[in-house]
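Got your viewer open? Keep the selection box handy and follow along, one stop at a time.

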Amino acid sequence: MKRWGDWLIPLFFALVPWDISKVLFPPYQSASDTSSTLTFLRIGMFLLIAWGAVRFVQEGIGKTLRRLAGAPLIWAVVPLFIAALVSLTMSLQPRTTMIEGIRLLVLFAVGISVALGADRKKAFERVFKVIFVMATLTAVIGLIQYISPQWIWGGGINDIASGVRRVNSTFIDPNIFARYLNISILGTVLLLLRRERPLRIGTALALLIQVAALGVTFSRTAWLILLFGLFILVIGTAKHWRTRWSALGLGTLGVVALYLIPSIRVRFETLFTGISALGQREHLIKGGWAMFIENPLTGVGLGNFQWALENPYHYIVPWSDAVMRSHTSVVTVAAEMGILGIVSMFAFLLILAGMNLRVLNQMNAYAQAVLISVFVVWLSSQGEGRFFEDPMIWAFWGLSLAMQWKPWGEDWNG
């Protein structure tokens, strides 16, 4: 029973790309956003939580609770749940806030289950191998979509302003697809630089495929995150200057090559057009700011951003614009949970970063890979606003918790 976690945790990460579409068996080329209560990831989450509950009992309920109470990473999520409860007191839709709070509790249970199962180095190795394989597979699907174009999950996005066709592969949104690709690319490069994974021709080819797919997502935020992440990795992990300059030189050549592609160049240049670069996000940010200013302590209630923008704050959004959830997670959290929500977000990030950076044993490479993955999700959530709602955040939090539970110096291969 204990070793089931070695497979259930990687399975969870493998199911993420097939669940973001929110449809279990989507009709081919369907453009509808049909919801389903039974999705791939929910099946995986149910299995993982059920297994975690058994492990919780096997380890001893009292003993496990004491371990949880003594872990600093547990306190990283306490402010979030306090903020959610406070937001319930003044929520514009209490029922929605309660449902969203329950969802956070379920995701928290997923994180705990991951922590209980990831007690060996092999679990971490499998997680990042699975992410790499799934990113490569979805990248191939994305490139086929772009070349054909034949859409599978929910259709692509045609950006009329820049004249590009943005691919989403199996994801509901090109930005979420780009987020997953960045986690794979940066995590793999880190493990290669840290000698945790050998560089083979197949690995290099798969990385090139993923980068190509990232290009045709036309996600400007994702492009910037990749460039910034590669720069930090090369400077921070390469031991020899020759390696650093070689990697930076290759990166520069890649940027030049991408810039020579007209559609990518036009899309990238829109970043420098001032406030118009935000597009619809301008009104969403204004709406979120108005909610925060009028409800600074409690916000409008967890999960209520879209409803509030469609109703009491409808005057902020032009009638020609569709109303949707905020594309910026900081704005969403501030609008829905007020000051306490902002505090909870940055407390979560700072405590997780601090605890992972303290891991100085042989798991350091995987601690860094987990940390960079969390910040990829957070940074990309400023362009596509899913952060605490993203199940991968809680799984990475669980991996971090597992590393903190393991006694320092204990053999991770045991």
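Let's begin with the charged pairs. Searching the whole structure, which is a predicted model, turns up three salt bridges. We'll visit each one.

**Stop 1: Arg 55 and Glu 59**

Select Arg 55 and Glu 59 and show their side chains. They meet in a salt bridge, with 2.3 Å from N to O. Both sit in helix α2, residues 40-59, and because they are four residues apart there, about one helical turn separates them. Now switch on a surface and compare the two ends of the pair. Arg 55 counts as buried, at 4% relative accessibility, whereas Glu 59 is partly exposed at 24%.

**Stop 2: Glu 100 and Arg 103**

Next, jump to helix α6, residues 94-117, and pick out Glu 100 and Arg 103, which are three residues apart in that helix. Here too the separation is about one helical turn. The two form a salt bridge whose closest N and O atoms are 2.7 Å apart. Which partner is buried and which is partly exposed? Glu 100 is the buried one, with a relative accessible area of 17%, under the 20% cut-off. Arg 103 is partly exposed, at 35%.

**Stop 3: Asp 390 and Arg 179**

Now select Asp 390 together with Arg 179. This is another salt bridge, with 2.7 Å between the closest N and O atoms. What does the pair tie together? Asp 390 is in the loop between α16 (364-380) and α17 (391-405), while Arg 179 belongs to helix α8, so the bridge links parts that are 211 residues apart in sequence. With the surface on, check both ends: Asp 390 is buried at 7% relative accessible area, and Arg 179 is buried at 3%.

**Stop 4: the nonpolar core**

Hide the charged side chains and go for the greasy ones. The largest nonpolar core has 101 residues. Select Phe 13, Phe 348, Phe 396, Trp 397 and Leu 401, the members that touch the most others in this core. Then color helix α8, residues 174-193: with 13 residues, it supplies the largest share of the core.

Zoom in on Leu 401 and ask for its contacts. What does Leu 401 reach once you skip neighbours within four places in sequence? The list is Leu 68, Ala 71, Leu 73, Ile 74, Ile 112 and Ala 115. Apart from this core there is another one, made of twelve residues. To find it, select some of its members, including Met 291, Val 300, Ala 308 and Val 331.

**Stop 5: Ser 344**

For a polar side chain, click on Ser 344 in helix α15, residues 329-357. Is Ser 344 buried or exposed? Buried, with a relative accessible area of 0%. Show what surrounds it: leaving out residues up to four places away in sequence, Ser 344 touches Ala 76, Pro 79, Leu 80, Ala 83 and Phe 388.

**Stop 6: a nonpolar patch on the surface**

Time to come back outside. Select Leu 11, Ile 43, Phe 46 and Leu 47, which make a nonpolar surface patch of about 360 Å². Helix α2 gives the largest share of the patch, three residues. You already met this helix at the first stop, with Arg 55 and Glu 59.

Center on Ile 43, which lies in α2. This residue is partly exposed, at 35% relative accessibility. Then draw a distance from the C-alpha of Ile 43 to the C-alpha of Leu 15. You should read 9.0 Å, for two residues that are 28 apart in sequence.

**Stop 7: two positive phi angles**

Finish with the backbone. Select Ser 169, in the loop between β2 (164-166) and α8. What is the phi of Ser 169? It is near 55 degrees, a positive value in a residue other than glycine. Ser 169 is also buried, with 0% relative accessible area.

The last selection is Phe 218, in the loop between α9 (201-217) and α10 (220-237). Its phi is likewise positive, near 55 degrees, and again the residue is not a glycine. Turn the surface on once more: Phe 218 is buried, at 0% relative accessible area.

Conventions
Residues are numbered from 1 along each chain as its sequence is written. This is a predicted model: local features need pLDDT of at least 70, side-chain atom pairs count only at pLDDT 80 or more; totals for chains, interfaces and linings use all residues. Side-chain values use heavy atoms; hydrogens and water are left out. A nonpolar core is a set of buried Ala, Val, Leu, Ile, Met, Phe, Trp, Tyr and Cys residues joined through side-chain atoms within 4.5 Å. Buried means under 20% relative accessible area, exposed over 50%, partly exposed in between (1.4 Å probe, protein chains only). Contact means heavy atoms within 4.5 Å. A salt bridge is a side-chain nitrogen of Lys or Arg within 4 Å of a carboxyl oxygen of Asp or Glu. Patches are made of residues with over 30% relative accessible area and no salt bridge: like charges are joined within 9 Å, nonpolar side chains (Val, Leu, Ile, Met, Phe, Trp, Tyr) within 5 Å. Accessible areas come from the Shrake-Rupley method with a 1.4 Å probe; for residues, only the protein chains shown count as cover.
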